[in-house]
Amino acid sequence: MKDYFQRIGRSLMLPVATLPAAALLIGIGNWIDGKTTVGVFLVNGGTAILDNLALLFAIGLALGMSERQDGAAAVAGLVAYIVPDYMLNPTQLATLLHMKVSAVNPAFTAIHNNVLIGIIAGLIAAALFNRFHETKLPMALSFFSGKRCVPILAAVTMLVVTLVMLFVWPAVYGALVLFGTSIAKLGWVGAGLYGFFNRLLIPTGLHHALNAVFWFNVAGINDMGKWLAGTGVKGVTGMYMAGFFPVMMFGLPAGAYAIYRNAKPQNKKKTGSLMLAGAFASFFTGVSEPLEFSFMFVAWPLYVLHAIFTGLSLAFAAAMHWTAGFSFSAGFVDFLLSTRMPLAHLPLMLLVQGIVMAGIYYFGFDFAIKRFDLKTPGREDDVALADDDATDVAGATDDKYLRQGRRIWAAIGGKDNIQQMGNCTTRLRWKLNDTGKIDQPAIKAAGVPAVNVLDKHNVQIIVGTEVQFVEDALESIYRGEVPAVATAGVDEIAGNAVDVLTPTDDAETTTTTFAAVATGRLVKLSDVADDTFAGKVLGDGYAVEPSANTIVSPVAGKLTMVFPTKHAFGVTTDSGLEILVHVGINTVELDGKPFEVLATVGDELTAGQPVLDADIQAIRDAGKHATTMVVVTNMDHVDDVQVDAVKNVDAGDDVAVVKGH
């Protein structure tokens, strides 16, 4: 169930991603002057999006929750939404029930563009697609077999749902209104409670449901809708959004600095890189998840403190009637646009509040980390050095992958805790009997960047580009081919290690220009639909949404690795930079079918030289993202990464500069 709600949260990101377009149009229109012809034109363009938000939710959820993310599911979502939206319209109900429109229950005036209806329609459409998209009908009806039957089933199903809603909706609507208004009646206290629960629910993904009550027209509050449309009350509308700006722009970055300051000396550089990337994303875009997830589970009391601080921020901003709003999130970009909105009230005071929140977050986090010895990033317990040294000496003849594998094996709980083993390009993807039995600090001490426990049974251990060799070693242990504990004289596993150049500490600063890995759209790494790459756990770099099939080397260097399923390869430059090129998301599941390798491991490549031929359309037809990521995986040798702005590029165009040592 938890996984289901998390998938809902991820799927909602697709329709939510359209809101910045509405904000830009409305914001620029109001900036120009909402009463001029040009201003009205732009404002109307943004309003057109907002007036169909529920429809976008229905389509986005149907697409995101379907097994193959197929277009037929999106069509079914559209059909599933328009049936109740039309049939429960007060005008249609008046005709159906033979009464005047004024006599229809007022609850039905909230059906049109109600995101709750959109969410229900999208989930039903996705469920129907997953269950019936391969259904085979008799020959006479064969045209309607498979995916074609899903929209038809959606229409029939929603007829039944509409009939149920005819009787149930007034009560449901009343309960939602009561819930929302009971908090809304509390004024600034209610805003604070909302902010607290908003952050507290993020790990479950249920914060989206809570947001829908306050931001959209589910219970009549519609804080975001009224803000963008300029139809609310100045100094009041926006109270469920304004307090997020001081947190996202100032508070969380200050908290990140506290985490960095409390990291162990040997971990400060790595922790600083992680915190700086997260703070940058939080300040400019309001995307706080990279920071929040870095301490959410490893130091959960700190996350509760963060939720309390967020509640305080929303409560104070609401009490002072300082209002600003957003369409995407509470970052600097949305803040600038909001200052020109008609309902903005003393928005610059939120910057003053932000400075105060920065102090509260820094000193609050610093105190909690020290007082309760919280294991924030960089403060994790180390595995006893004496034991590690003894193991390494005993297994001195083993290769590094077997040594690392043995340490992971011991920390995972051994063979009795393993149900299924597997890996993708950078991660061990294992299914266990109980993830609660694993020793996460010990796994990290084995030299892995991160451990991601998904639920009771599934875990991902992020190793890096050499994951295949670690997986091979672990499978050898699983099959009993080598002992799980090293002993003197154990033979070395046949060497699969890739030769890489490791620069010395006193190496001179080098500058490497990176080329576009494919023809298409250059995008930010933080925007890709994979948390590991977007969170820069493996390293920093860029991504391309390819429009052509040829994948080229981004730099001059040696082709050091091609993954067995051909969807990724590694290049090492003469200066020692190790670069991973990963074509698509979860494309390891395609077993190499859309890919053809055009070079040989060991080849010296030039920047822009073709390495893979990837059938981009086949990847998308399989329901996978074709986004191609380029990351530097040995970030300890990198001082700075500069990537061009989002734009269209041709393969081989210069798009980034990396300075290293």
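The points below are a colleague's notes on this predicted model, written for a reader who is new to it.

1. On confidence, the mean pLDDT of the protein is 82, and 85% of its residues reach 70 or more. Two stretches call for care: over residues 382-398 the pLDDT is below 50, although the model gives this stretch 24 contacts beyond near neighbours in sequence, and over residues 487-507 the pLDDT again stays under 50, with 38 contacts beyond four places in sequence. Where pLDDT is low, the predicted coordinates should not be read in detail.

2. The largest nonpolar core has 99 residues, and those touching the most other members are Phe214, Trp215, Leu302 and Phe365. Once residues up to four places away in sequence are set aside, Phe365 touches Gly255, Ala258, Ile259, Phe295, Leu302, Leu305, His306, Phe309 and Ile360. There is also a second, separate core of 44 residues, which includes Trp430, Ile462, Val467 and Val528. As general background, nonpolar side chains in soluble globular proteins tend to be buried together.

3. Across the whole structure a search finds 25 aromatic pairs. In one of them, the ring centres of Phe214 and Tyr240 are 5.0 Å apart and the planes stand at 50°, so the pair is tilted. Phe214 belongs to helix α10 (residues 207-215), whereas Tyr240 is in the loop between α11 (223-229) and α12 (244-261), so the pair ties together parts that are 26 residues apart in sequence. Phe214 counts as buried, at 0% relative accessibility, and Tyr240 is likewise buried, with a relative accessible area of 3%.

4. Another ring pair, Phe316 and Trp322, has its centres 5.6 Å apart and its planes at 75°, so this pair is edge-to-face. As to exposure, Phe316 counts as partly exposed at 42% relative accessibility, while Trp322 is buried, with a relative accessible area of 9%.

5. Phe214 and Tyr240 also appear in a cluster linked by ring pairs, whose members are Tyr194, Phe214, Trp215, Tyr240, Phe244, Phe245, Phe326 and Phe335. Phe214 and Trp215 are therefore worth following in both settings, since these two residues are also listed among those that touch the most other members of the largest nonpolar core, and Phe214 counts as buried at 0% relative accessibility.

6. Charged groups lie over aromatic rings at two places that a reader may wish to inspect: Lys268 lies over the face of Tyr260, at 4.8 Å from the ring centre, and the charged end of Arg371 sits over the ring of Phe372, 5.4 Å from its centre.

7. Ser338 is placed in helix α16, which covers residues 332-338, and at 1% relative accessibility this serine counts as buried. Leaving aside neighbours within four places in sequence, Ser338 is in contact with Trp227, Ala324, Gly325 and Ala344.

8. An open sheet of eight strands runs in the order β13-β9-β10-β11-β15-β7-β6-β17, with antiparallel pairing. At its edges stand β13 (604-605) and β17 (647-649), each with a single partner strand, so one side of each is left without a neighbour in the sheet. Within the sheet, strand β10 (residues 568-572) pairs with strand β11 (residues 578-583) in the antiparallel sense over five bridges, and Gly570 stands opposite Leu580 in β11.

Methods: Residues are numbered from 1 along each chain as its sequence is written. This is a predicted model: local features need pLDDT of at least 70, side-chain atom pairs count only at pLDDT 80 or more; totals for chains, interfaces and linings use all residues. Side-chain values use heavy atoms; hydrogens and water are left out. Helices (H or I, at least four residues) and strands (E, at least two) are DSSP runs, numbered from the N terminus. Buried means under 20% relative accessible area, exposed over 50%, partly exposed in between (1.4 Å probe, protein chains only). Contact means heavy atoms within 4.5 Å. Rings of Phe, Tyr and Trp (its six-membered ring) pair if their centres lie within 6.5 Å; planes under 30 degrees apart count as stacked, over 60 as edge-to-face and the rest as tilted. A charge sits over a ring if NZ of Lys or CZ of Arg is within 6 Å of the ring centre and within 35 degrees of the ring normal. pLDDT is the predictor's confidence in each residue, from 0 to 100. A nonpolar core is a set of buried Ala, Val, Leu, Ile, Met, Phe, Trp, Tyr and Cys residues joined through side-chain atoms within 4.5 Å. Two strands pair if DSSP finds at least two bridges between them.
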